[in-house]
Amino acid sequence: MTNFSKLSIVVPVGPDDQVWPQLLNELAVFGSEAEIILSACQPRSADSDLPNNANWLCGVPGRAHQLNAGAKQATRELVWFVHADTRLSEDVVTAVGDFIAKGGQILGYFRLRFAGDGPCLTRLNAAAANLRSRFFGLPFGDQGFIIRKTLFEQLQGFDQAVSLGEDLDFAVRVKAAGFSLRELPAVLVTSARRYQQQGWLATTVRHICLTWQLNRQAKQRLESVR
């Protein structure tokens with residue numbers, strides 16, 4: 001049985017996030033050895049209970065700020081960044097355990113699947129996201145980045161000046177620094193509500209354009225500092 005005492009799990013919690021308690025319940029499969037940090041930008045509600053291995057961190061708002069703050073607070077060798085609306089598939093525990101056992105200076109991420117709260121066509125979006133990650137090395141944060149804390153710090157964490165796409169920017173910098181990205185053999189499930197609320201076609205087109213734009217901007221930032 002894997003000992004998850006080397007693992008810190010960082011969950012960014014936005015001001016309106018109401019779904020993190022469900023994720024917290026699912027993270028119980030990692031036992032009390034794993035450290036869980038809920039990195040928020042607001043104080044914890046008085047009626048919310050946390051397990052003994054979880055901490056609530058209140059800091060500067062913004063995804064990159066909150067992720068970096070959580071990683072700085074982390075006391076374990078590996079940091080796993082998990083979005084609050086993520087749900088775990090049954091293979092995730094084994095995949096994380098294998099990643100801990102094998103180590104390596106790499107950025108791990110999971111395959112993506114959308115939940116059933118959106119159009120069935122989001123299966124195509126998930127397939128495209130997985131192909132994009134595998135063949136172009138461009139995963140997004142909802143695929144659960146996992147990395148050694150020392151490597152994360154060496155790469156100076158997420159760029160807090162990037163207001164959107166800090167996750168793609170980080171993946172681009174990992175590759176540019178000569179480190180590998182590895183798809184882990186498990187699935188993370190994320191909500192498809194945005195496709196339901198804003199329309200599948202409009203959301204898909206917007207995401208394709210945004211991905212191209214964010215990738216180009218990340219490479220331009222790299223060129224500007226060389």
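The expected span of a helix is 1.5 Å times one less than its number of residues. By that yardstick helix 8, which covers residues 200-225 and has 26 residues, reaches 38 Å from its first C-alpha to its last, close to the 38 Å expected. The model in which this helix sits is a predicted one, and the protein as a whole has 8 helices and 8 strands.

**Overall form**

- With 226 residues, a compact globule would have a radius of gyration near 17 Å, and because the protein has 17 Å, the two values agree.
- Taken along the principal axes, the box filled by the C-alpha atoms of the protein comes to roughly 45 × 40 × 35 Å.
- Of the 226 residues, 51% count as buried, while the protein exposes about 11400 Å², of which carbon and sulfur atoms supply 52%.
- Among contacts in the protein with a separation of 6 or more, 74% are accounted for by residues 24 or more positions apart.

**Strand 8 and its partners**

- Strand 8 (residues 180-190) is joined to strand 6 (residues 106-114) by 9 bridges, and these two strands run parallel.
- Within that parallel pairing, Gly108 has Arg182 in strand 8 as its bridge partner.
- Strand 5 (residues 87-88) is joined to strand 8 by 2 bridges, and here the strands run antiparallel.
- On the strand 5 side, Arg87 stands opposite Val189 in strand 8.

**Helix 8 and its packing**

- The buried residues of helix 8 are Thr203, Thr204, Thr211, Leu214, Asn215, Ala218 and Leu222.
- An α-helix has 3.6 residues a turn, so residues three or four places apart point the same way.
- The helices against which the buried residues of helix 8 pack are helix 4 (122-136), helix 6 (166-176) and helix 7 (193-198).

**Gln143, a buried loop residue**

- Gln143 lies in the loop between helix 4 and strand 7 (146-148), and because its relative accessibility is 1%, under the 20% cut-off, Gln143 counts as buried.
- The side chains of Gln143 and Ser133 are joined by a polar contact of 3.1 Å.
- Leaving aside neighbours within four places in sequence, Gln143 is in contact with Tyr109, Phe110, Leu112, Ala129, Asn130, Arg132, Ser133 and Leu188.

Key. Residues numbered from 1 in each chain as written. Predicted model: local features only at pLDDT ≥ 70, side-chain atom pairs only at ≥ 80, totals over all residues. Heavy atoms only, no water. Pairing = 2+ DSSP bridges. Helix = DSSP H or I, 4+ residues; strand = E, 2+ residues; numbered from the N terminus. Buried < 20%, exposed > 50% of the residue type's maximum accessible area, 1.4 Å probe, protein only. Contact = heavy atoms within 4.5 Å. Rg over C-alpha atoms; globule rule 2.2 N^0.38 Å. Areas by Shrake-Rupley, 256 points an atom, 1.4 Å probe, with all protein chains shown as cover. Polar contact = N/O pair within 3.5 Å; in protein donor to acceptor, adjacent residues only side chain to side chain.
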